[in-house]
Amino acid sequence: MIDIPKAGAGAIAPGDLDPDGYLDCDRRYRLMSPSDSQTSFGATPLVVIDCQPAADAPLQALQSDWLETPALDPTEHPLAATVPSEAYPYLALQADYFPAVPELHHAWQTPQRTLLLIEDRSIWLPLAAGWAAIDDPLQHLQWLFETTLLWQALAPWQGQATLLTPQRLALNEHNLLCLTQIDQVPDPSPLPLEALGQMWQSTLGTGQGNLPPKVQTLIGHLAEGRLSDIDQVQNTLAEAAQDYSPPAVDVAPTLWPNPDEEITASDLEPDLELSAADLDFEADAVFDTQELLDDDDGNGLMETPTMVLPMKLAHLDDAGQSHVGQQRHHNEDWFFTQTQLQKVSSPQGNVLRSKGLYILCDGMGGHASGEVASQLAVRTLRDYLTQHWSSDRLPDHDTLAKAVMTANQTIFDINQANATSGVGRMGTTLVMVLLHNLDIAVVHVGDSRIYSYNKRMGLRQLTLDHEVGQREINRGVEPAIAYARPDAYQLTQALGPRGEEDLVPSIVYHELTEDTLLVLCSDGLSDNDLLERHTDTHIAGLLSSKANLETGVAQLTDLANEKNGHDNITTILVRVKLQPDMLSITG
């Protein structure tokens, strides 16, 4: 807890508490020290116990709005009217700077003081101690760079003074630079950049000696007021990292599992997840990153925005669920997920490597035939890619096309053998994502969908439905006219009903450049623009590493059953978290 006394008020004393030591009238927050103590509590941070941990966080609604709209103006938001202004930077910066900025649990005012309840980081390693303990110039450059990012972020909130107090700078368990609290100075003018240089000089002392000469010169010029351009500071730090040559280290080769071995899942198990928890990568220990850009049709390359630092994978997790819905007698959807994670460590740091396969099929045709088709497609694709995805990169376009054609042929041959026709011919839609580190391949056939969600672009549909209405729109017909046709929702592409000469799967590659949530779903969830209409309530929050994806999938299923419910409902969520990577620009 942070106690900010008003002018003339002293520190918290026992008389300010109720007889049981509670700070608030709701008797939820209690000081650790006994209420009958004769010692006055100073203005330094104090430890508080939440005696109602299962209750909702008092600022949850406001924080959710701020996470969804980082540019939110608290002076115009009704939920912010009773929140002290000292709380604003914590709420405003959570979207882009957690865990660098601590989480705020509650904030309120009394006639004598402002009280902020923030997470306790008192046992975290101080930056100065970490600097001395970790003799790695590249890590030091990254900390300096992260400081400049926080300098820019804190400026609109008069919080730059925080970075001038060494006690406010700490390292989390993964060596990310974080703040223990935010100090505000009631001055609308940003602090001069030379103050940051002077702090670096005084805090680092002789620790500057292992920095590249150009960075030592940079710090000197900053401290002397000879440099006032933060972009130039960041560029110099990045150039120094680029020029740095780490000492040669022998690292044992890292081998992926034998690609000829079958994927370790029971036959057609609909959900297989390998958690990253055993790899000692903490999901919360990542920055929310820069923007993910997409071309206008939502179906092209995600372009990398201009940025000083490259990014690396920090965490990857997934969850999936299928439900029969409210009107169907059996479930014709099928899905499969597999995530492989490896942590490779060396004196230069940790690298997380990933390989993921996520498949969702929505079957159709005849009694139970749709279920057979969807399972056959999943099995065939899984087995084919087990055999043909062996290199340390995504499969090329031809390999993915062949995988889809093989699945199509498997179902088509059964249709031919059974001499079925029309609606009796079984088939299935397909959406599939293959992931290798920060690269993904998106494959789809039919009207199941893949969406991406990130903070700048929001929810984007990465696939275009293969159906008559969309085909007409592609030909230039107005959407209202295209979907007025009685056959507008009839599929133009599916696996199984026709031979490969009539099949043209969509295959697109993307590069992820910021924290991203991928959503694969059957039309039981996507119909009636359900995700578009409920992005704020059911999608946006799932990007946070604090959100439980299993719970998120279940809530999406409940939403689909409530609002749609006419069809089977299947969803796969894949969450990719990134963090800055100084190491990659040295090689």
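This note goes through a predicted model point by point, from the whole chain to single residues and pairs.

1. Basis of the values. Residues are numbered from 1 along each chain as its sequence is written, and side-chain values use heavy atoms, with hydrogens and water left out. Because the model is predicted, local features need pLDDT of at least 70 and side-chain atom pairs count only at pLDDT 80 or more, whereas totals for chains, interfaces and linings use all residues.

2. The chain as a whole. The secondary structure comes to 15 helices and 19 strands, where helices (H or I, at least four residues) and strands (E, at least two) are DSSP runs numbered from the N terminus. Of the 587 residues in the chain, 53% are buried; buried means under 20% relative accessible area, exposed over 50%, and partly exposed in between, with a 1.4 Å probe and protein chains only. The accessible surface comes to about 25700 Å², and 50% of this area belongs to carbon and sulfur atoms, the areas being obtained by the Shrake-Rupley method with a 1.4 Å probe, and for residues only the protein chains shown count as cover. Among contacts (heavy atoms within 4.5 Å) between residues at least 6 apart in sequence, 71% join residues at least 24 apart.

3. Nonpolar cores. A nonpolar core is here a set of buried Ala, Val, Leu, Ile, Met, Phe, Trp, Tyr and Cys residues joined through side-chain atoms within 4.5 Å. The largest such core holds 56 residues, and those touching the most other members are Trp66, Leu104, Leu144, Trp200, Val215, Val233 and Leu237. Helix α4 (residues 137-154) supplies the largest share of this core, 9 residues. A second core, separate from this one, has 31 residues, including Ala373, Ile411, Leu434 and Ile507. As a general background, nonpolar side chains tend to be buried together in soluble globular proteins.

4. A sheet of 3 strands and the helix across it. The strands form an open sheet in the order β6-β7-β8 with antiparallel pairing, two strands being paired if DSSP finds at least two bridges between them. Its edge strands, each pairing on one side only, are β6 (125-126) and β8. Strand β7 (residues 169-171) is joined to β8 by 3 bridges, and Leu169 stands opposite Leu179 in β8. Helix α4 lies across β7 and β8 and runs at about 35° to β8; axes are lines fitted to C-alpha atoms, for helices over the stretch in contact, and angles run from 0 to 180 degrees between N-to-C directions.

5. Thr180, in the loop after β8. Is Thr180 buried or exposed? Thr180, which lies in the loop between β8 (177-179) and α5 (193-204), counts as buried because its relative accessibility is 15%. When neighbours within four places in sequence are left aside, Thr180 is in contact with Pro102, Ile118, Arg121, Gln167, Arg168 and Ala170.

6. Leu62, in helix α1. This residue has its place in helix α1 (residues 60-68) and is buried, with a relative accessible area of 3%. Apart from residues up to four places away in sequence, Leu62 touches His77, Leu79, Ala80, Val83 and Leu91. Leu62 and Leu79 are 17 residues apart in sequence, while their C-alpha atoms are 5.9 Å apart in space.

7. Salt bridges between distant parts. With a salt bridge taken as a side-chain nitrogen of Lys or Arg within 4 Å of a carboxyl oxygen of Asp or Glu, the count comes to 16. In one of these, the side chains of Asp567 and Arg328 meet at 3.3 Å, N to O. Asp567 lies in the loop between α15 (549-563) and β19 (569-580) and Arg328 in the loop between β9 (311-323) and β10 (333-346), so the pair ties together parts that are 239 residues apart in sequence. Asp567 is buried at 8% relative accessibility, whereas Arg328 is partly exposed at 38%. Arg449 and Glu532 also meet in a salt bridge, at 3.9 Å, N to O. This pair links strand β15 (residues 449-454), which holds Arg449, with helix α13 (residues 530-533), which holds Glu532, across 83 residues. Arg449 is buried, with a relative accessible area of 13%, and Glu532 is partly exposed, at 34%.

8. A salt-bridge network. Which residues are linked in a network of salt bridges? They are Arg471, Glu472, Arg475, Arg485 and Asp487. Within this network, Arg485 forms a salt bridge with Asp487, their closest N and O atoms being 2.9 Å apart. Arg485 counts as partly exposed at 31% relative accessibility, and Asp487 is partly exposed with a relative accessible area of 24%.
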